[in-house]
There are 2 protein chains.
Amino acid sequence: MNVSFFATPYRHAAGSPIRALFPYMSRPGMISFAGGMPDPALFDRDGLQRAHEKAWSNPSACLQYGPTDGLPSLRAALAAVMRSRGVACDDGDIMVTAGSQQGLDLLLRVMVDPGDVILVEQPAYPATLQAIRLAQGRIIPVAVDADGLDVDALSEQLACWDDRLSEPKALYTVPTFSNPSGLTMSRARRVALLELAVKHRLLLIEDDPYSGLRFAGEAQPSLLALAQDVPGARDLIVHFSSLSKILAPGMRVGWMLAPAEIMRRCSIARQTVDLCGPGWMQAVAAAYLEGDTFAAHLPNIIASYRAKCDALANGLSESLGEQLTFARPQGGMFLWGRFAQGIDAAVVLKAAIEHGVMFVPGEAFYASNADASAVRLSFATPTLEQIGEGTKRLAQAVSSVAD
Amino acid sequence: MNVSFFATPYRHAAGSPIRALFPYMSRPGMISFAGGMPDPALFDRDGLQRAHEKAWSNPSACLQYGPTDGLPSLRAALAAVMRSRGVACDDGDIMVTAGSQQGLDLLLRVMVDPGDVILVEQPAYPATLQAIRLAQGRIIPVAVDADGLDVDALSEQLACWDDRLSEPKALYTVPTFSNPSGLTMSRARRVALLELAVKHRLLLIEDDPYSGLRFAGEAQPSLLALAQDVPGARDLIVHFSSLSKILAPGMRVGWMLAPAEIMRRCSIARQTVDLCGPGWMQAVAAAYLEGDTFAAHLPNIIASYRAKCDALANGLSESLGEQLTFARPQGGMFLWGRFAQGIDAAVVLKAAIEHGVMFVPGEAFYASNADASAVRLSFATPTLEQIGEGTKRLAQAVSSVAD
């Protein structure tokens, strides 16, 4: 195949920069802060086995084609999850997706024509940046500070919009325990963002896979929940969430809520994408959520991630001191840091791999103007012991390149 | 949202014409020849339960994120399936997909720019037509006769190609037990098609979900298998298959083989589509295929479909006689017929629903110039008794509109 055979965005497309690190992660003895994978020791195997037994009592529901928008039992269970998170909704408002990634993909399909502008918080989740690029959308970054997305900066961006660009169609953000920054938007910022969205008729894409993993600080309502108090805002929010981080990614169960006209088109898109999700996994997820296991088990995950995050933050402070500055996350799976001036994260990574430790250099998370000093460290997968050892190895790697 | 908010192909998109019939199918007492769903009574529940027990002995493989291209154990098992079908291949040649539909979707993504021409056999599977339309491809139909795709007609089409159209990028066909026609391409036709593809450097998209369901006649090698004997052909074939029709659609396990440059880009696309498939389902599918249950159970499905196809064909001949002409399929799930002149299938359907029987009018299967007399009848889902009764009801419905 000649390269011109392919669709424009795929002619010279490269894969995920994080997935490209996977082969190194499986080296014997490697300690990885790189992946965004949940700790397998925290999977609720017993609870899931019981849920499976319950689901399997009706094999036909597991094995037959199912509805495009998801099994009714799972839509009901997920609507209950959303209500427990302060969102008024019915079963019919939920579309089950293959992780929240599929929700984003469906949305971009139905929404983005080549050249359409999507605002994205920066730094941002690389698969979001890549999905927008492959949809031939144009990414315009929005700055983030310690309180999350900088709404004042956004307001100014929108007020002085460059006339050579088309109006932005949407803004993508992970407002709670963002990937990669680990940061969370304050409530005041959230309200300001909703008001700004109403003023500019800007669609907000709220990606919310981590909010269930809060281990410190005060809970913040989702943009979707808060939108109920801001007139006109509820119709401007697409909300994605997922069981991947709070139950198990291997089930590929996520969900979305969106204005009806968007939802209807996403459902039409889904009919040509994969017809429907796996009924078997959906039935297990529904059975799991219907029981009391979920509420009982989630605190175990949270307690473990709290301890791991503390271990990572303390270890980094002790081993690296002034060489790395970072903010302590209040939940989620990620810690974001910046090396001191003159230390390039990509250079450190090379040395770190030789020292048996890995992380993701910040560059992967920028659409443009990458910060070469930035790093993302995940504390979710390694054990406490590995975290302690890993921070020491990281310090050795930094020393080796700073020499 | 204003309609102009949406991407061009989704502004006025309508959903699947077959899925639109689903609400009627669940009416009490309805006998449906409409859906393409396997008979749930034929699901190998015991075999799948054992496979699940085996897969669950390694819960982490079930529950963690997995490789984009599929679990290694499943790729190995599916490569063995392909080798048993006469295709020389390795594990690495297989990409696991969410049904064969996802394979098609990934391929269209990486291949189709707006306006690109895709040749499609006519009549064709509606989700293929819709997927190409939503990718903004241009569908040019290729005729089909009793021996399947009419390769002579195609040869002429290609020789006298309309200069106002861009060169066709690919041809889509279901060469064995096609949906909807039920027809199978002869071996001579297959060889001629491969030679034609080589001559015109035309990519062949072979969708092959049904070939495992042969209950009469002589087995035909897939285009992919035959391509090994036609110099230059193997690099021009994308092959999709699926466990949906021979095991269970609710697992959403399909797979594809394609030239390396296509495969690589499909894998990149997949990273933004859903990251990876459900490991749990993949592990169960691998465990199932590794055992001897598959070979033992498949003949049960085939025997049942043979009996059902006979019952449908005989019932139609007895009840409708000259009012419906059709060819007897040698496998698969579908029978394609044409009402006698003056009988419109869509009109019959309305009456049929009132009489408690359903089918899909042929119109859904045409990109253009639909044959209003055509019907697709699936014999897979209803019981033998329902098939007998259903053909009588259908005859009553035809009488009621012919009056």
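Before we start, contact here means heavy atoms within 4.5 Å, and helices (H or I, at least four residues) and strands (E, at least two) are DSSP runs numbered from the N terminus. This is a predicted model, where local features need pLDDT of at least 70, side-chain atom pairs count only at pLDDT 80 or more, and totals for chains, interfaces and linings use all residues. Residues are numbered from 1 along each chain as its sequence is written, chains are lettered from A and ligands numbered from 1 in the order in which they are written, and side-chain values use heavy atoms, with hydrogens and water left out.

**Exercise 1. Check the confidence scores for chain A and for the model.**

Start with pLDDT, the predictor's confidence in each residue, from 0 to 100. Chain A has a mean of 96, and 100% of its residues reach 70 or more. Then take the model scores: ipTM is 0.96 and pTM is 0.97.

**Exercise 2. Work out how chain B is related to chain A.**

Step one is to superpose the copies by least squares on the C-alpha atoms of residues with pLDDT of at least 70 in both. A turn of 180° with a shift of 0.0 Å along the axis lays chain B on chain A with an RMSD of 0.0 Å. The two copies are thus related as by a two-fold rotation axis. Step two: look for the residue of chain B that comes closest to the axis, and you land on Met281(B), with its C-alpha at 3.8 Å. The same surface serves both copies, as 100% of the contact residues of chain B recur in chain A.

**Exercise 3. Test the length of helix 4 of chain B, then find its packing partners.**

The expected span is 1.5 Å times one less than the number of residues. For the 13 residues of helix 4 (residues 72–84) that gives 18 Å, and the end C-alpha atoms are 18 Å apart, so the two agree. Next, pick out the buried residues (under 20% relative accessible area; exposed is over 50%, partly exposed in between; 1.4 Å probe, protein chains only). Among them are Leu74(B), Arg75(B) and Met82(B). The buried residues of this helix pack against strand 2 (95–97), helix 9 (223–226), strand 8 (237–242), strand 9 (254–257) and helix 11 (279–290) of chain B. Following the helix comes Gly86(B), with a positive phi near 85°.

**Exercise 4. Decide how enclosed helix 6 of chain A is.**

Count first: eight of the nine residues of helix 6 (residues 126–134) are buried, so the helix is largely enclosed by the rest of the structure. Now for the partners. In chain A, the buried residues pack against helix 5 (99–111), strand 3 (117–122), strand 4 (138–145) and strand 6 (168–173). Chain B joins in too, with helix 10 (260–273). Just after the helix, Gln136(A) takes a positive phi of about 65°.

**Exercise 5. Describe the surroundings of Ile246(B) and His297(A).**

Take Ile246(B), in the loop between strand 8 and strand 9 of chain B. Ile246(B) is buried, at a relative accessible area of 2%. Its contacts beyond four places in sequence include Arg85(B), Phe294(B) and Gly212(B). Gly212(B) is 34 residues away along the chain, yet the two C-alpha atoms are separated by 6.8 Å.

Now His297(A), found in helix 12 (residues 293–320) of chain A. His297(A) is buried as well, with a relative accessible area of 13%. Leaving out residues up to four places away, His297(A) touches Leu42(A), Phe43(A), Asp44(A) and Tyr288(A). Finally, a polar atom of the His297(A) side chain lies 2.7 Å from the backbone oxygen of Leu42(A).

Methods. Polar contact = N/O pair within 3.5 Å; in protein donor to acceptor, adjacent residues only side chain to side chain.
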